Amino acid sequence: MNHFGNVAVLCGGPGGEREVSLNSGQEVYAALVRAGVTCTKVVVPPHNPERMLEKLSCDVAVMMLHGEFGEDGQAQAILERRGIAYTGSSAEACNRAMNKAGTKILMENANIPTPRWATADVPSRAPEAVEAAGLHYPLFVKPNHSGSSVGVSRVDVPEQLLPAAEQAMAGDSLIVIEEMIAGREFTVSWLDGELLPVIELSAKETFYDYKAKYLSDETRYTCPADIPADLAALMGRYTLETVAAVGARDLARVDLLLGPDGPTLLEINTSPGFTSHSLLPMAAAATGMTMERLCMKLVAMAALRGGSVRSA
């Protein structure tokens with residue numbers, strides 16, 4: 001079953017999501033091996049990752065790189081230039097989705113509800129940004145370009161804002177400040193043009209942070225979520241509209257909150273995790289799709305599309 005040619009599973013890379021990426025890469029590599037695919041797991045180094053991709057030799061690259069370099073379009077741009085087929089969204093769409101502020105503007109233009117927000121380019125400007133936007137506490141402070149809740153803090157009182165802004169900006173040039181919406185947390189995954197079952201998340205922690213996502217066995221998942229069909233349909237509609245606005249392809253996951261005024265969309269992830277705690281594989285499993293079939297589907301979509309050489 002090696003009609004895909006030489007398959008390489010890319011994981012690791014730089015940034016705060018390296019460990020998640022390594023775990024995703026191992027899960028996908030193991031699933032492809034179980035499915036009979038001859039493949040290689042390629043651990044991308046944290047320093048000078050471009051060098052490895054410039055030398056990479058494969059027919060299909062399975063993108064399990066999360067966060068910086070792998071999720072922001074940098075790695076995809078190298079593969080496009082070299083004519084190597086890869087899974088997931090294009091470099092342009094990845095870059096668009098990784099920009100939280102830019103994605104929020106896209107959502108607002110598409111009339112998709114999103115929490116009220118502001119940005120600041122230095123920590124000291126966070127208080128005036130909050131005041132100018134008329135935001136009310138509690139707030140969430142996030143790096144503009146990150147995932148897996150890395151660097152995210154909940155801010156309940158003004159005294160906590162500056163330290164949270166400094167933490168979020170430790171690895172970014174811009175922070176996003178969001179009003180907190182009290183409510184239930186959901187996620188909707190999208191695979192090859194189809195919506196997967198809605199999942200509800202119940203975290204023991206204050207919010208669904210890095211620990212709750214990847215380390216805690218106390219986070220509860222309900223799949224399919226126990227919600228009315230019309231509400232699930234509305235969340236699905238917001239997901240499809242966000243996928244279209246960003247220009248995602250192959251797979252994506254959208255996170256939402258259900259507050260007093262209905263569902264509100266938080267963000268889109270074009271490189272969702274494939275760890276034992278990850279949500280897209282969980283939603284796929286609820287439809288009867290095994291991890292092996294899911295990973296084979298990703299490879300098949302990329303192989304069918306093929307590589308496209310982009311001018312430098």
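User: Before we look at helix 1 and helix 11, which angles count as roughly perpendicular?

Analyst: Happy to start there. For the angle between two axes, the range that counts as roughly perpendicular is 65 to 115 degrees.

User: How are helix 1 and helix 11 oriented to each other?

Analyst: Keep in mind that this is a predicted model. Helix 1 (residues 18-34) packs with helix 11 (residues 291-305) at an angle of about 95°, and their axes are 8 Å apart. Helix 1 and helix 11 are therefore roughly perpendicular.

User: What classes of residue make up the contact of helix 1 with helix 11?

Analyst: From helix 1 come Glu 27, Val 28, Ala 31, Leu 32 and Arg 34, and they meet Met 291, Glu 292, Cys 295, Met 296 and Val 299 of helix 11. Sorted by class, the contact has no polar residues, three charged and seven nonpolar.

User: What distance separates the end C-alpha atoms of helix 11, and what span should its 15 residues have?

Analyst: At 1.5 Å a residue, the 15 residues of helix 11 should span 21 Å. The expected span agrees with the separation of the end C-alpha atoms, which is 22 Å.

User: Which residue follows helix 11, and is its phi positive or negative?

Analyst: Just after helix 11 comes a glycine, with phi near 75°. That phi is positive, and the residue is Gly 306.

User: Where on helix 4 do its buried residues lie?

Analyst: In helix 4 (residues 91-98), the buried residues are Ala 91, Ala 93, Cys 94, Ala 97 and Met 98. Viewed down the axis of helix 4, these buried residues fall within an arc of 165°, so they line one face of the helix.

Conventions:
Residues are numbered from 1 along each chain as its sequence is written. This is a predicted model: local features need pLDDT of at least 70, side-chain atom pairs count only at pLDDT 80 or more; totals for chains, interfaces and linings use all residues. Side-chain values use heavy atoms; hydrogens and water are left out. Axes are lines fitted to C-alpha atoms, for helices over the stretch in contact, and angles run from 0 to 180 degrees between N-to-C directions. Helices (H or I, at least four residues) and strands (E, at least two) are DSSP runs, numbered from the N terminus. Angles under 35 degrees count as roughly parallel, over 145 as roughly antiparallel, 65 to 115 as roughly perpendicular and the rest as oblique. Contact means heavy atoms within 4.5 Å. Ala, Val, Leu, Ile, Met, Phe, Trp, Tyr, Cys and Pro count as nonpolar, Asp, Glu, Lys and Arg as charged, and the others, Gly among them, as polar. The expected span of a helix is 1.5 Å times one less than its number of residues. Buried means under 20% relative accessible area, exposed over 50%, partly exposed in between (1.4 Å probe, protein chains only). The arc is that of the directions from the helix axis to the C-beta atoms.
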